[in-house]
Amino acid sequence: MKLDGKWLLSCSILDDDISMNIPGNFEDALFSAGIVKDPYISNNSSLLRKFEFADFTLKKQFSIDSFDGGKYQLTFDGIDGTAEVFVNGRFLGTCENSFIPHTFTLEDGLSANNEITLVFKSSIE
């Protein structure tokens with residue numbers, strides 16, 4: 001099962017959650033939501049500076065067709081930054097290198113309907 005597509009992005013300095021495409025990046029999501037100007041034009045990237053001090057959370061609901069209570073693997077091919085990984089509120093581990101895949105084994109705690117959460121803490125604070 002692929003988990004790409006629309007995810008829900010929340011940020012410690014934003015009032016509302018926004019949609020984010022995965023694969024994708026925070027900068028494009030903020031631009032698509034109208035929160036910042038195009039970061040790839042002129043010096044607009046300087047408008048993103050305040051977000052370097054913020055924490056971000058990505059969430060996605062997913063269903064397992066024909067759920068049998070078995071063993072599943074969750075693999076991330078490249079998360080840019082350090083992210084804590086949770087499924088249904090249960091901590092699975094941390095991804096710390098975007099150049100290597102990270103795989104987590106899920107043997108319990110899943111159901112037919114689930115939620116995956118990625119927590120990105122500011123690396124500056």
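User: Where is the place of N88?

Analyst: First, the terms: helices (H or I, at least four residues) and strands (E, at least two) are DSSP runs, numbered from the N terminus. N88 sits in the loop between β5 (83–87) and β6 (90–95).

User: What kind of model is this?

Analyst: Residues are numbered from 1 along each chain as its sequence is written, and side-chain values use heavy atoms, with hydrogens and water left out. Local features need pLDDT of at least 70, side-chain atom pairs count only at pLDDT 80 or more, and totals for chains, interfaces and linings use all residues, since this is a predicted model.

User: Back to N88: what is its phi?

Analyst: N88 is not a glycine, yet its phi is positive. N88 counts as partly exposed, because its relative accessibility is 34% (buried is under 20% relative accessible area, exposed over 50%, partly exposed in between, with a 1.4 Å probe and protein chains only). As for the angle, the phi of N88 is about 55°.

User: Which residue in the loop between α1 and β3 has a positive phi?

Analyst: Look in the loop between α1 and β3. The residue there is something other than glycine, with phi near 55°. Its relative accessible area is 69%, so it is exposed, and its name is S42.

User: What is the relative accessibility of G34?

Analyst: G34 also has its place in the loop between α1 and β3. G34 and I18 are 16 residues apart in sequence and 10 Å apart in space, C-alpha to C-alpha. G34 counts as exposed because its relative accessibility is 61%.

User: How many bridges join β1 to β2?

Analyst: Two strands pair if DSSP finds at least two bridges between them. β1 (residues 5–11) and β2 (residues 18–22) run antiparallel, with G5 opposite I22. They form a hairpin with 6 residues between them. The bridges joining β1 to β2 number 5.

User: Which residue in β3 stands opposite L8?

Analyst: β1 has another antiparallel partner in β3 (residues 56–63), with 4 bridges joining them. Opposite L8 in this pairing stands K59.

User: What is omega for the cis peptide bond at P23?

Analyst: P23 is found in the loop between β2 and α1. A cis peptide bond joins P23 to I22. Its omega is about 5°.

User: Which element gives the most to the lining of the largest pocket?

Analyst: A pocket comes from a 1 Å grid over the protein atoms alone: a cavity is a set of points where a 1.4 Å probe fits but cannot get out, whereas a pocket is an open set with protein on both sides within 12 Å along at least five of seven lines, and lining residues have an atom within 4 Å of a point. Here the largest one is lined by 43 residues, with G78, I79, D80, L118 and F120 nearest its centre. The elements giving two or more residues to that lining are β2, α1 (26–32), β3, β4 (72–76) and β8 (113–120). Of these, the top contributor, with 5 residues, is β4.

User: How many residues of that lining are nonpolar?

Analyst: Ala, Val, Leu, Ile, Met, Phe, Trp, Tyr, Cys and Pro count as nonpolar, Asp, Glu, Lys and Arg as charged, and the others, Gly among them, as polar. The lining has 10 polar residues and 7 charged ones. The nonpolar residues number 26.

User: Why is there no bond between the sulfurs of C11 and C95, and how far apart are they?

Analyst: A disulfide is a pair of cysteine sulfur atoms within 2.5 Å, and the count by this rule comes to 0. C11 is buried, with a relative accessible area of 8%, and C95 counts as buried at 0%. The sulfur of C95 is the closest cysteine sulfur to that of C11, but it's too far for a bond because the distance is 20 Å.

User: How many aromatic pairs does a search of the whole structure find?

Analyst: Rings of Phe, Tyr and Trp (its six-membered ring) pair if their centres lie within 6.5 Å; planes under 30 degrees apart count as stacked, over 60 as edge-to-face and the rest as tilted. The search finds 5.

User: Which class does the pair F26 and F56 belong to?

Analyst: F26 is in helix α1 and F56 in strand β3, 30 residues apart. Both F26 and F56 are buried. Their ring centres are 4.3 Å apart and their planes are at 15°, so the pair is stacked.

User: What about the rings of F76 and F104: which class is that pair?

Analyst: F76 in strand β4 and F104 in strand β7 (residues 102–106) are 28 residues apart, and each is buried. With centres 6.3 Å apart and planes at 70°, the pair is therefore edge-to-face.
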